[in-house]
Amino acid sequence: MNCFALLITMLLTAFSPRPVSAQRLSSCVPVYTRSGAEAAYEAGEKLDYIIHYKFGVVDSDIGIASVTLDTLRIEGQKAFHVNVSGATRGIYARMFPVSEDFNSYFSYDALQPISFNRSSHECSYKATNSYIYDWKAESPRIEGEWWSTRMTEPKTVSLPLDGCTFDLPALFFFARNIDMARVAPNVKYPMTFAIDDEIYNVHFIYKGKVTKRVSGFGTVRCLKFAADLLAGEVFRSDTDVDIYITDDLNRIPVLFAAPILMGKVEGRISAQKGLKYPMDSKIR
């Protein structure tokens, strides 16, 4: 994944990925429901974010991202559709044109992923990724295709599938139903998602309740989470990603921050509409 895709990944999961190969999780993150009727969201929700970068004399907003949710019918069954998109803006779009677009479809009655596609564009680099979730197979699989300009031809993808495996947008909405009554502070909880031709494991740690001021948005009562970073080409290994989720029934991320090898990246919410519940975590 390119750097901006990693930022979108952080927005969706709040945590950095670690490949798990053949390893399977013994249990999913604890949630209070797997039903769309009882979930923390409903069709019509839209969340807008600003991506900020700081390094040396550079301290600027460099891009935007949005998450929108609606419903439709797939083979007669009601399903959610979520679109996540992001792009650099202003002078950064001219210097470093980047865009990301994710589309995910998951069932309304069980929040079970149905299909997924992704399109990435970073300067001269392009990539696409698509999945179909075959739950009816004797051994359920994710079947799909991955292509990038660094490959001579598309690569067929076939990955193991169980009830704890999602694509990124589906995982984002599944995790918003987390059952806080079953989550203990400073304990690692796993999640699993697939992207490109890999399955990844992510772990999050609940750090407690805090009040956080979000620039341009307001002051919000939050649940703070953290995750160990995966050291490599983008992230340092000596600090964590910090994520702040509204302490209300909507459970939306309002702020995240991560140190990288050259500076620090932050994402903050700039607007929201269509929330299922009142945003009573917002103080002012």
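This section describes the overall make-up of a predicted model, followed by its consecutive antiparallel strands, an internal cavity and three individual residues.

In the predicted model, the protein contains three helices and 16 strands. Of its 284 residues, 51% are buried, and the accessible surface comes to about 12,800 Å², with carbon and sulfur atoms accounting for 51% of that area. When contacts between residues at least 6 apart in sequence are considered, 55% of them join residues that are at least 24 apart.

The strands β2, β3, β4 and β5 can be followed pair by pair. Strand β2, comprising residues 46-55, runs antiparallel to strand β3, comprising residues 58-74, and ten bridges join the two. Within this pairing, Tyr 53 stands opposite Ser 60 of β3. The two strands form a hairpin in which two residues lie between them, and Gly 56, located in the turn, has a positive phi of about 60°. Strand β3 also pairs with strand β4, residues 77-88, again in the antiparallel sense, this time over twelve bridges. Two positions illustrate the register of this second pairing: Ala 65 stands opposite Gly 86 in β4, while Arg 73 has Lys 78 of β4 as its bridge partner. β3 and β4 likewise form a hairpin with two residues between them, and the turn contains Glu 75, for which a positive phi of about 50° is computed.

From β4 the pairing continues to strand β5, residues 98-107, with nine bridges in the antiparallel sense; here Val 84 stands opposite Phe 102 of β5. Strand β4 thus has β3 as one partner and β5 as another, and it is mostly covered, with nine of its twelve residues buried. In a regular strand, side chains alternate between the two faces of the sheet.

Turning to the interior, two cavities of 30 Å³ or more were found in the model. The second largest of these has a volume of about 40 Å³. Its lining is made up of Cys 28, Val 29, Cys 164, Phe 166, Leu 171, Phe 174, Pro 190, Met 191 and Thr 192. The elements that give two or more residues to this lining are α3, spanning residues 168-175, and β11, spanning residues 188-195, and β11 provides the largest share, namely three residues. Sorted by class, the lining of the second largest cavity consists of eight nonpolar residues and one polar residue, with no charged residues.

Three residues were then examined individually, beginning with Ser 281. This residue lies in the segment that follows β16, the strand of residues 263-273. Because its relative accessible area is 0%, under the 20% cut-off, Ser 281 is classed as buried. Apart from neighbours within four places in sequence, Ser 281 is in contact with Thr 219, Val 220, Arg 221, Thr 246, Asp 247 and Asp 248.

One of these contacts, Arg 221, is found in strand β13, which covers residues 218-228. With a relative accessibility of 36%, Arg 221 lies between the 20% and 50% cut-offs and therefore counts as partly exposed. When residues up to four places away in sequence are not counted, Arg 221 touches Val 210, Thr 211, Ile 245, Thr 246, Asp 247, Asp 280, Ser 281 and Ile 283. Thr 246 and Asp 247 accordingly appear in the contact list of Arg 221 and also in that of Ser 281. The C-alpha atoms of Arg 221 and Tyr 244 are 8.9 Å apart in space, with 23 residues separating the two along the sequence.

The third residue, Lys 207, is located in strand β12, residues 198-214. Its relative accessible area of 41% likewise falls between the two cut-offs, so Lys 207 is also partly exposed. Beyond the residues up to four places away in sequence, Lys 207 touches Asn 186, Lys 224, Phe 225 and Ala 226. A separation of 9.8 Å is computed between the C-alpha atoms of Lys 207 and Ile 243, which are 36 residues apart along the chain.

Definitions and conventions: Residues are numbered from 1 along each chain as its sequence is written. This is a predicted model: local features need pLDDT of at least 70, side-chain atom pairs count only at pLDDT 80 or more; totals for chains, interfaces and linings use all residues. Side-chain values use heavy atoms; hydrogens and water are left out. On a 1 Å grid over the protein atoms alone, a cavity is a set of points where a 1.4 Å probe fits but cannot get out, and a pocket is an open set with protein on both sides within 12 Å along at least five of seven lines; lining residues have an atom within 4 Å of a point. Grid points are joined across faces, edges and corners, and a volume is the space filled by probe spheres set on the points. Helices (H or I, at least four residues) and strands (E, at least two) are DSSP runs, numbered from the N terminus. Ala, Val, Leu, Ile, Met, Phe, Trp, Tyr, Cys and Pro count as nonpolar, Asp, Glu, Lys and Arg as charged, and the others, Gly among them, as polar. Two strands pair if DSSP finds at least two bridges between them. Buried means under 20% relative accessible area, exposed over 50%, partly exposed in between (1.4 Å probe, protein chains only). Contact means heavy atoms within 4.5 Å. Accessible areas come from the Shrake-Rupley method with a 1.4 Å probe; for residues, only the protein chains shown count as cover.
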